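Please read this briefing alongside the sequence and the model shown below. It is arranged by topic.

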Amino acid sequence: MRSYPVQGPLPAFYHYYPGVPAVVGVRLGERVNFCPAVWNTGLSANPPLFGVALSPKRFTHGLLLEARRFAVSFHPHAQAALVQWLGSVSGREVDKGRVPHFLGRTGVPVLEGAYAAYELELLEVRTFGDHDLFVGKVVAVWEEEAFLDEKGRPKPGLSLLYYGKGLYGRPSEETFTP
Ligand SMILES: Cc1cc2nc3c(=O)[nH]c(=O)nc-3n(C[C@H](O)[C@H](O)[C@H](O)COP(=O)(O)O)c2cc1C
């Protein structure tokens, strides 16, 4: 293996990819916006906490600070082009609220087509370097049963994977228990 010391940002790539992007949905008054975030993570099971790291450059960042609630949704690989588009244009220039979506129990916008989605209340925001970690408490869950197995997991081969630099893929349909 080759090795090199790192002083500034990672020079080539984020080696923790591929990841499953979460599409963040925020509504402030009439304004609805969506922003994919592959830097996302579960943080606690009880209470159920989930976090997304957003750059302050994102239009979503300011909206979410005001709205204090948001949705995250997880999508089949067939929606790669939509996710890529949502992550290539800013709500400052384009009305991304025109994409098909519905409002959840708490009024947060959920992008159509997801196999699962959460509605979250914003609990805390903490800055880590050039991104801010938005931690939310899950207050409602949406599940598309046809896309899930008997344990609620996305069916093998379904999820969208992001490999970085605009490249997407899908997991294998083969699964195993080691
Ligand atoms: C697949 C994918 C994943 C992304 N993940 C993140 C992320 O985790 N955090 C972030 O700040 N931006 C991320 N981005 C970039 C934003 O989604 C992108 O800048 C978007 O256009 C911001 O939209 P907004 O200005 O309407 O909020 C990602 C983009 C793509 C395509």
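The points below cover the sheet, the nonpolar core, the ligand shell and one exposed residue.

The model is predicted. Its sheet is open and built from 7 strands, and 23 residues surround the ligand. The largest nonpolar core holds 30 residues.

**Sheet**

- The strand order is β2-β1-β5-β8-β9-β4-β3, with antiparallel pairing.
- β2 and β3 (40-44) are the edge strands; each has a single partner strand, so one side of each lacks a neighbour in the sheet.
- On average, neighbouring strands of this sheet are turned by 35° against each other, direction ignored.
- Helix α1 packs on the sheet and touches β1, β2, β4, β5, β8 and β9. The direction of α1 makes about 55° with that of β1.

**Strand pairs around β8**

- β5 (residues 69-74) and β8 (residues 116-128) run antiparallel and are joined by 6 bridges. In this pairing, A71 stands opposite E119 in β8.
- β8 is also joined to β9 (residues 131-143), by 12 bridges, and these two strands run antiparallel.
- Across the β8 and β9 pairing, A116 stands opposite E143, and V125 has F134 as its bridge partner.
- The hairpin formed by β8 and β9 has 2 residues between the strands. G129, in the turn, has a positive phi of about 60°.

**Nonpolar core**

- Within the largest nonpolar core, the residues that touch the most other members are V23, V24, F70 and V72.
- Two or more residues of this core come from each of β1, β2, β4, α1, β5, α2, β7 (109-111) and β8.
- Neighbours within four places in sequence set aside, V23 is in contact with F34, P36, V72, S73, H75, V83, L86 and L111.

**Ligand shell**

- The closest residues to the ligand are W39, T60, G87, S90 and G91.
- By class, the shell consists of 12 nonpolar, 9 polar and 2 charged residues.
- At least two shell residues come from each of β2 (31-37), β4 (49-54), α1 (59-67) and α2 (80-86).
- β2 gives the most to the shell, with 4 residues.

**Y16**

- Y16 is located in the segment before β1 (22-28).
- Y16 counts as exposed because it has 9 C-beta neighbours inside 10 Å, and the cut-off for exposed is 12 or fewer.
- Y16 and F59 are separated by 43 residues in sequence and by 25 Å in space, C-alpha to C-alpha.

Notes: Residues numbered from 1 in each chain as written. Predicted model: local features only at pLDDT ≥ 70, side-chain atom pairs only at ≥ 80, totals over all residues. Near = placed C-beta within 6 Å. Nonpolar A, V, L, I, M, F, W, Y, C, P; charged D, E, K, R; others polar. Buried ≥ 20, exposed ≤ 12 C-beta atoms within 10 Å, placed from the backbone. Pairing = 2+ DSSP bridges. Core = buried A, V, L, I, M, F, W, Y, C linked by C-beta atoms within 7 Å. Contact = placed C-beta atoms within 7 Å. Axes fitted to C-alpha atoms, helices over the stretch in contact; angles between N-to-C directions.
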